[in-house]
Amino acid sequence: MGRVVLVTGVAGTFAARVSRTLAELGDDSGIDRVVGIDTRPPDGDLGGVKFVRADIRTPVVGKVMAVEDVDVVVHLDVNPSDLGRRGGSAAKERNVIGTMQLLAACQRSANVSKLVLGSSTSVYGTSPRDPALFTESTAPQGGVRVGFPKDAVEVETYVRGFARRRPDVLVTMLRLAQVLHADIETPLRNYFANPMLPSVLGFDPRLQFTHLDDALAVFTEAVVSDRPGTFNVAGEGVMLLSQVARRLGKPVIPLPPLGFASLAGRAIRTMGGEMSPDLHRLLTYGRAVDIFALRDIFGFEPTYSTEQTFEQFRAGQRPGVLSGVGGKA
Amino acid sequence: MTDERRTIGTGGQAGRGNRSTSPSSAARSLAGGSSGAKKPVKKAKPSAPKPDAPKAATKPAAKKPAQKSAPQGPPKQEPPRLRAVTEEDAAEAAAAAAEEAARKTRTAGPGSMPAGIPLDEILVAVAQAAQRVLGSDWEGRLAAFVAALRKRLSGDFEVDEFGFDPQITEILTEAVEPLAEKWFRLEVRGIENIPAEGGALLVANHSGTVPLDGVITGYAVKKYSGRNLRPLGADLVFALPFVGQMARKVGATLACTADAERLLTTGELAGVWPEGFKGIGKPFAERYKLQRFGRGGFVSSAMRAQVPIVPVSIVGAEEIYPLVGNVPSLARLLGIPYLPITPFFPLLGPLGMIPLPSKWIIEFGEPIRTDAYEPEAADDPMLLFNVTDQVRETIQQTLYALLVDRGNAFF
């Protein structure tokens with residue numbers, strides 16, 4: 001008897017890829033059906049995924065779960081606000097209230113046996129008082145009081161509460177560093193797409209990226225096998241923002257730390273882009289995580305390091321204006 | 001020829017010169033605006049070059065004297081050739097020949113070279129300077145340097161997960177060398193106490209208002225033992241722009257147990273200054289009196305990682321900026337632990353920021369082994385306090401001995 005997997009937020013580029021990958025696995029891995037749910041239809045093809053248009057912020061999600069006999073819930077509808085469509089408060093509504101409704105439905109459901117949460121390394125915040133690498137047990141020191149990091153922390157709190165109330169349900173929380181891939185919409189991908197990169201004067205943050213293949217493999221593994229716990233997912237190693245900019249051949253515009261968010265936002269708007277509101281803190285202090293638990297407890301070895309992930313991403317990008325000066329061949 | 005030149009560039013635009021026949025309006029006004037606009041550049045310029053410096057004269061104006069003096073030049077240089085021909089002489093002769101050749105090609109052309117920047121002379125001068133600075137194989141070294149620079153500019157370098165960049169550290173070590181060796185006349189003792197490989201925790205006294213002692217200790221370790229010191233710094237360091245960025249690049253990280261243990265278990269040499277701001281911000285009157293040694297966290301980290309503790313005593317840092325006053329209220333306002341007043345700062349402004357040239361001695365003491373204890377012993381506070389006191393006492397006694405050895409702080 002195969003299992004039915006519910007994936008939330010499938011209109012998002014990453015969730016769409018995860019749901020399609022799960023659907024393609026088919027019966028061999030014990031997955032009978034994959035149901036995707038979101039408030040708007042996905043842009044791309046979902047393959048064998050059954051799409052249900054519903055809002056997880058409403059009790060409708062409970063009915064969907066009952067009708068479809070869902071066994072595994074993959075919650076991927078926790079995302080930073082994308083300014084083009086919704087504002088910050090709408091994103092918060094979707095992230096936090098959506099999670100609460102979904103968990104309420106899960107708690108009622110007798111079928112659900114596993115919950116996989118696609119969280120983010122944002123839960124660690126970012127501040128100068130942080131250790132160089134975050135382990136899963138490190139408490140955030142700062143930078144989780146507003147915006148998406150706050151949402152992510154609250155979502156995780158609710159999920160932990162759910163795990164306490166339903167100890168029979170396996171809960172896997174995957175904290176992903178931002179996926180860097182030309183097709184996956186993440187704040188950093190959008191930021192790197194700008195012709196010039198506003199940076200914080202006097203700071204050179206350490207950044208980490210996750211390769212799409214690794215991210216998909218980790219989610220597949222978490223759905224197919226039983227891997228309860230909290231795990232950081234990122235490519236090995238770090239890259240500095242200055243290094244990234246030079247490899248992209250794009251000039252950085254150093255802007256003063258005070259008022260960086262608004263100045264950089266304005267600069268990026270001038271260039272025709274949008275800046276994710278929570279990015280400025282990451283661009284000040286950076287963030288890197290330890291993936292020891294992913295290796296030793298989860299049992300997954302990322303195929304691509306941060307640098308390899310970036311190089312693959314760069315290969316698909318148009319070379320920046322400074323490529324002639326120092327761009328790598 | 002002249003017509004050809006005129007068509008290039010700005011020729012014909014109102015108010016802009018064409019370099020050969022009509023000077024720009026700016027040049028005209030410089031030459032005393034009332035004179036005719038058709039005054040050629042050649043006449044305006046001769047006042048600039050000194051007549052008795054034929055070599056340095058600009059090309060067209062002093063062409064004839066230069067031609068005449070050219071044959072005179074080499075004979076004057078003849079007498080020194082009596083000594084043995086060294087590599088430098090050969091290089092100089094080669095440069096002279098190159099210059100001669102350059103001059104010949106210049107004079108061989110039709111005699112209407114416009115006045116302007118003497119590019120080839122500058123090139124020859126640069127080549128000579130490069131030879132003098134980098135030695136006779138300067139081309140190879142310059143090429144290597146440019147290749148390295150290109151690699152940096154293309155982002156083709158690697159940093160570890162702490163953000164440590166070995167290339168930058170290498171360059172900074174070189175840059176600090178004159179400060180340490182010539183200005184502070186650094187003397188390093190007991191460098192053999194730093195293990196050649198494997199982790200170790202260097203524990204040092206902290207002083208000097210500005211944490212220069214960390215920089216110099218890092219330099220000494222790199223220079224004399226060849227290993228990279230990974231300093232553990234306060235969070236303020238990483239909150240400051242530029243400072244935090246640089247600190248990460250030279251291998252520093254936050255002084256917390258997680259980072260300390262990560263460094264030590266991976267076999268790195270970590271450095272810690274447990275006195276912290278109490279140490280560097282103490283008044284000059286209390287110099288060389290150790291403050292409280294933190295809460296003993298460094299001992300527990302070393303014990304968990306089972307690495308030795310090397311006590312480091314630094315003499316000399318206390319005198320670089322004698323702290324005679326403090327403005328606590330202003331410091332609080334700025335969010336810094338203290339606002340120093342030294343005899344020269346802020347009195348002399350930026351000049352007051354030059355460290356006084358005290359004599360420095362850094363002694364690396366005998367390692368205190370922690371592998372005799374179990375890693376679980378790190379949970380025994382009494383043991384931690386005892387070991388902390390042992391390290392502190394060792395450093396304090398060494399400081400007194402070194403002070404006697406050093407004698408006068410400055411001479």
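In this predicted model, B:Val203 stands opposite B:Pro311, a residue of strand 6 of chain B. B:Val203 belongs to strand 2 of chain B, where B:Leu201 and B:Val203 are buried on one side. On the other side of strand 2 of chain B, B:Ala200, B:Leu202 and B:Ala204 are buried too, and both faces of the strand are thus covered. Strand 2 of chain B spans residues 200–204, and five of its five residues are buried.

**The sheet of chain B**

Strand 2 of chain B has parallel bridges to strand 5 and to strand 6 of chain B. The table lists these two pairings, followed by one pairing in chain A.

| Strand | Partner strand | Sense | Bridges | Opposite residues |
|---|---|---|---|---|
| Strand 2 of chain B | Strand 5 (residues 269–272) of chain B | parallel | four | B:Leu202 and B:Gly271 |
| Strand 2 of chain B | Strand 6 (residues 309–315) of chain B | parallel | four | B:Leu202 and B:Val310 |
| Strand 1 (residues 3–8) of chain A | Strand 2 (residues 31–38) of chain A | parallel | six | A:Val7 and A:Gly36 |

B:Leu202 therefore appears twice in the table: its bridge partner in strand 5 of chain B is B:Gly271, and its bridge partner in strand 6 of chain B is B:Val310. The open sheet of chain B has seven strands in the order 1-9-6-2-5-3-4, with mixed pairing. Strand 1 (187–189) and strand 4 of chain B stand at the edges with a single partner strand each, so one side of each has no neighbour in the sheet.

**Helices on this sheet**

Helix 9 (residues 212–225) of chain B packs on the sheet and touches strand 1, strand 2, strand 3, strand 5, strand 6 and strand 9 (361–364) of chain B. The direction of helix 9 of chain B makes about 165° with that of strand 3 of chain B. Helix 14 of chain B lies across strand 2, strand 5 and strand 6 of chain B, and runs at about 165° to strand 2 of chain B.

Helix 12 (residues 257–265) of chain B has B:Asp259, B:Ala260, B:Glu261, B:Arg262, B:Leu263 and B:Leu264 among its residues, and these are buried. The buried residues of helix 12 of chain B pack against strand 2, strand 3 (229–233), strand 4 (253–254), strand 5 and helix 14 (297–305) of chain B. Just after helix 12 of chain B comes B:Gly267, with a positive phi of about 80°.

**Where the chains meet**

The contact takes 23 residues from chain B and 23 residues from chain A. On the side of chain B that touches chain A, at least two residues each come from helix 7 (138–153), helix 10 (235–239), helix 11 (243–249), strand 4 and helix 12 of chain B. By type, the residues of this side of chain B are 11 nonpolar, six polar and six charged.

**Domains of chain B**

The domain assignment divides chain B into domain 1 (58–64 + 94–156) and domain 2 (166–320 + 355–406). Taken over C-alpha atoms, the centres of domain 1 and domain 2 of chain B are separated by 47 Å.

**The sheet of chain A**

Chain A has an open sheet of seven strands in the order 3-2-1-4-5-6-9, with parallel pairing. Its edge strands are strand 3 (50–53) and strand 9 (229–233) of chain A, each of which pairs on one side only. Neighbouring strands of this sheet are turned by 20° against each other on average, direction ignored. Helix 4 (residues 147–165) of chain A lies across strand 5 (114–120) and strand 6 (170–176) of chain A, and it runs at about 160° to strand 5 of chain A.

Terms used. Residues are numbered from 1 along each chain as its sequence is written. Chains are lettered from A and ligands numbered from 1 in the order in which they are written. This is a predicted model: local features need pLDDT of at least 70, side-chain atom pairs count only at pLDDT 80 or more; totals for chains, interfaces and linings use all residues. Two strands pair if DSSP finds at least two bridges between them. Axes are lines fitted to C-alpha atoms, for helices over the stretch in contact, and angles run from 0 to 180 degrees between N-to-C directions. Two residues are in contact if their C-beta atoms, placed from the backbone, lie within 7 Å. A residue is buried if 20 or more other C-beta atoms lie within 10 Å of its own, exposed if 12 or fewer, and partly exposed in between; C-beta atoms are placed from the backbone. Ala, Val, Leu, Ile, Met, Phe, Trp, Tyr, Cys and Pro count as nonpolar, Asp, Glu, Lys and Arg as charged, and the others, Gly among them, as polar. Domain bounds come from an automatic or database domain assignment.
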